Amino acid sequence: MPCTAFLPGADLRKCDLSGKDLRGLNLSGADISFAILSGADMTRSDLSGSKLTEADLTNAMLERAVLTNASISGASINGADFTKVDLSSADISDIQSFDGATSIETVFPADTELVGATFVAADLTRGSLIGANLEKADFTRAILYRTDLSQTVLTETTFRGANFDGTRLDGANLQGAHLVGVDLGKIYFDIKPDFRGADLQSADLSGAGLDGVDFKGADLEEATFNRAEMRATNFTDTDLRDARMRDADLQGALFNGADVSDADFTVANLSGASFQDADVESTKFVEADLTNAIFRSAENIDEALFEETICPDSVKSNDCYEERRLRGVSP
């Protein structure tokens, strides 16, 4: 019978195989397109070269299945388990949702196009999405523990509540990404990602290695960068109101045109930093090192807080402004 011949090259199109036990079967080259496989168990099955186009794989078990050169284009895979599956040669185009899917150690095709796809609450632990185009994708509450997102396009992608513990973002394009409240603490990059225009309100980047990273135009209100390494980092035109950068290394950082009002730079190293045209109202420079820092045309400089601060002329003072020790501004 067509829907019971579980053999290589079998014709299983449009078959209802929901909940079926298909573990360890050889279905290589089979045509299973448009079939219903929701809840089916295909653990360790050989599906190499098979067609699962537009199949319903909702909550299906595919752990360690072989999908070499298989096509799951347009399939429904919400809640499916692809643990330790190599999809590098599979066709996964037109899949719109990976919500709730388990993709632990799953290798996705390099440079795959998944624009606008959703990964809500998906588990991508130690998975690989290197070079993928994930523009406007949704990773809300996704687990990205040690997931490799190197060189990925993540513009305008949403990461609300996502777990970034150990995530690789080398060279990723995160322009305009939504990263409100995420924890990126202690992350380091071999290749700098691009955070221009990203929304990082209340995000935690404490202890992160962010030397030379571009945050131009980003929303960093109430973000935390305590003890982060940010030498020559670009914060031009950013919103850094109420941000915390205590004990951070910000040598040569650019804050030109930024709003750093109420930001806390206590004990930070800001030598050579530039605050040209920045709003520094109530900004805390307590015990900070401002050696050779530039404040040309800075706004509300008379409201900034200095205490035991090393001024731009290398003299320690409790009021660099009133003592005319700031480069580019004077009372």
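The following exchange asks how several labels attached to this predicted model were reached.

User: What should be kept in mind about the model and its numbering?
Analyst: This is a predicted model, in which local features need pLDDT of at least 70 and side-chain atom pairs count only at pLDDT 80 or more, while totals for chains, interfaces and linings use all residues. Residues are numbered from 1 along each chain as its sequence is written, and side-chain values use heavy atoms, with hydrogens and water left out.

User: Why is the link of C3 and C15 called a disulfide, and what makes it left-handed?
Analyst: A disulfide is a pair of cysteine sulfur atoms within 2.5 Å, and the S to S distance from C3 to C15 is 2.1 Å, so the pair meets the definition. The torsion about the S-S bond of C3 and C15 is about -85°, and therefore this disulfide is left-handed. Both C3 and C15 lie in the segment before strand 1, so the pair ties together parts that are 12 residues apart in sequence; strands here are DSSP runs of E with at least two residues, numbered from the N terminus.

User: Why is C15 called buried, and why is C3 called partly exposed?
Analyst: Buried means under 20% relative accessible area, exposed means over 50%, and partly exposed lies in between, with a 1.4 Å probe and protein chains only. C15 has 1% relative accessibility and therefore counts as buried, whereas C3, with a relative accessible area of 32%, is partly exposed because that value falls in the range between.

User: How many disulfides are found in the whole structure, and in which pattern?
Analyst: The search finds 2 disulfides, and they follow the pattern 1-2, 3-4 when bonded cysteines are counted along the chain. Besides the link of C3 and C15, C311 and C320 form a disulfide with their sulfur atoms 2.0 Å apart. The torsion of -85° about the S-S bond of C311 and C320 goes with a left-handed link, and both of these cysteines are buried.

User: What makes P312 buried, and which residues does it contact?
Analyst: P312 is buried because its relative accessible area is 4%, and it is found in the loop between strand 1 (309–310) and strand 2 (316–317). Contact means heavy atoms within 4.5 Å, and, leaving aside neighbours within four places in sequence, P312 is in contact with L290, T291, N292, A293, F295, R325, L326 and R327.

User: Is T155 buried or exposed, and how do you know?
Analyst: T155 counts as buried because its relative accessibility is 12%. T155 lies in the segment before strand 1 and, not counting residues up to four places away in sequence, touches E135, K136, N173 and Q175.

User: What makes the space lined by I72, I77, F82, L87, I92, I95, F98, S103 and F108 a cavity?
Analyst: On a 1 Å grid over the protein atoms alone, a cavity is a set of points where a 1.4 Å probe fits but cannot get out, and lining residues have an atom within 4 Å of a point. The search of the whole structure finds 1 cavity of 30 Å³ or more, and the largest cavity holds about 40 Å³ of space, a volume being the space filled by probe spheres set on the points, which are joined across faces, edges and corners. The lining of this cavity has 8 nonpolar, 1 polar and no charged residues, where Ala, Val, Leu, Ile, Met, Phe, Trp, Tyr, Cys and Pro count as nonpolar, Asp, Glu, Lys and Arg as charged, and the others, Gly among them, as polar.

How values were computed. Helix = DSSP H or I, 4+ residues; strand = E, 2+ residues; numbered from the N terminus. 1 Å grid on protein atoms, 1.4 Å probe; cavity = no way out; pocket = protein on both sides within 12 Å on 5 of 7 lines; lining within 4 Å.
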